[in-house]
Amino acid sequence: MDLMHPTVEAAEPTRANLSTDFVLSGQVLRPLTLSVEQLRRYDSVRVEPFDLRCFTTNRYIRKVGCYRGVRLTELIEEAGLRNDAPGDFKRAVFMAMSHDGYAVTFSWHELFNTHVGESVLIAYECDDQPLSIEDGVPTLYSGADIMAAPRHVKRLARVVVQVLKPELF
Ligand SMILES: Nc1nc2c(c(=O)[nH]1)N[C@H]1C(S)=C(S)[C@@H](COP(=O)(O)O)O[C@H]1N2
Ligand SMILES: [Mo]
């Protein structure tokens, strides 16, 4: 038996973890639920191939081809950020969560007020081939990051919007 790499019994697939729908929810005006088919109807962006490398270990994982997908900013604009108090939208943070519980964040400034946002996409194709569930569809990818792996979220389930308030701290 390989003690370093014990095999783990695969969890029973459930309807939730087989879904490929993407949900944009939280403090938005119009929450969205979009199938991959619906994601394809938006303007798409194609990004350059890149090396997947882990931030924590610096481990080179593999080369990834040209992703195609929809910009996260476009979907956020469609959902509409709330601005109950002046400037609220500028304090919005975005948590992107996978079906397996893996989660990463973005800030409003990062997405809308730096160039990072231009290459944050929800990918459904790689090298002109549809991504499968096994490949990780839909995959969130942040193309301007120094290390690609952390914000390369396979099997993205949802992005939740939350406005941070100074009085919370
Ligand atoms: N859904 C999901 N995506 C994820 C992770 C994860 O645990 N779950 N880990 C991230 C990290 S930290 C790394 S290093 C890479 C690992 O990529 P691999 O699982 O394709 O080898 O996936 C990234 N994307
Ligand atoms: Mo990692």
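**Figure 1. Val-163 in strand β13 of the predicted model.** Val-163 belongs to strand β13, which covers residues 156-163, in a model that is predicted. Because 20 C-beta neighbours lie inside 10 Å of Val-163, and 20 or more is the cut-off for a buried residue, Val-163 counts as buried. When its neighbours within four places in sequence are left aside, the residues in contact with Val-163 are Gln-27, Asp-88, Arg-91 and Ala-92. Val-23 is 140 residues away from Val-163 in sequence, and the C-alpha atoms of these two residues are 18 Å apart in space.

**Figure 2. The open sheet of five strands that includes β13.** Reading across this open sheet, one meets its five strands in the order β2-β1-β13-β7-β8, and the pairing is mixed. Strands β2 (32-34) and β8 (103-107) are the edge strands, each of which pairs on one side only. From one strand to the next, the twist averages 15 degrees. Within the sheet, strand β7 (residues 92-98) runs antiparallel to β13, and seven bridges join the two. On its other pairing, β7 meets β8 in the antiparallel sense over five bridges.

**Figure 3. Ala-96 and the hairpin of β7 and β8.** Which residues are the bridge partners of Ala-96 in β13 and in β8? The partner in β13 is Val-159, while the partner in β8 is Val-104. Strands β7 and β8 form a hairpin with four residues between them, and in its turn Gly-101 has a positive phi of about 95 degrees.

**Figure 4. Phe-94 and the largest nonpolar core.** The largest nonpolar core holds 31 residues, of which Leu-72, Phe-94, Leu-121, Ile-122, Ala-123 and Leu-156 touch the most other members. Two or more residues of this core come from each of β1 (22-26), β6 (67-71), α3 (72-79), β7, α4 (108-112), β9 (120-126), β11 (139-142) and β13. The largest share, six residues, is given by β9. For Phe-94, once its neighbours within four places in sequence are set aside, the residues in contact are Thr-105, Phe-106, Leu-111, Val-159 and Val-161.

**Figure 5. The hairpin of β4 and β5.** Strand β4 (residues 50-53) and strand β5 (residues 60-64) run antiparallel and are joined by four bridges. Across this pair, Asp-51 of the hairpin stands opposite Lys-63 in β5. Six residues lie between the two strands of the hairpin, where Asn-58 takes a positive phi near 65 degrees.

**Figure 6. Backbone exceptions at Asp-127, Arg-155 and Pro-138.** Most residues other than glycine have a negative phi, and most peptide bonds are trans. Asp-127, which is not a glycine, has a positive phi of about 50 degrees, and it lies in the loop between β9 and β10. Arg-155 likewise has a positive value, with a phi near 55 degrees, and its place is in the loop between β12 (152-153) and β13. Which of these two loop residues counts as buried, and which as exposed? Arg-155 counts as buried because it has 21 C-beta neighbours inside 10 Å, whereas Asp-127 counts as exposed because it has 11 C-beta neighbours inside 10 Å. A further exception concerns the peptide bond between Val-137 and Pro-138, which is cis, with omega of about -10 degrees. Pro-138 lies in the loop between β10 (129-130) and β11.

**Figure 7. The whole protein chain, as a setting for the close-up views.** The protein chain contains four helices and 13 strands. Along its principal axes, the C-alpha trace spans about 60 × 40 × 35 Å. The radius of gyration of the chain is 17 Å, which agrees with the value near 15 Å that a compact globule of 169 residues would have. Buried residues make up 23% of the 169 residues. Among the contacts between residues at least 6 apart in sequence, 62% join residues that are at least 24 apart.

Methods:
Residues numbered from 1 in each chain as written. Chains lettered and ligands numbered in written order. Predicted model: local features only at pLDDT ≥ 70, side-chain atom pairs only at ≥ 80, totals over all residues. Pairing = 2+ DSSP bridges. Rg over C-alpha atoms; globule rule 2.2 N^0.38 Å. Buried ≥ 20, exposed ≤ 12 C-beta atoms within 10 Å, placed from the backbone. Contact = placed C-beta atoms within 7 Å. Axes fitted to C-alpha atoms, helices over the stretch in contact; angles between N-to-C directions. Core = buried A, V, L, I, M, F, W, Y, C linked by C-beta atoms within 7 Å.
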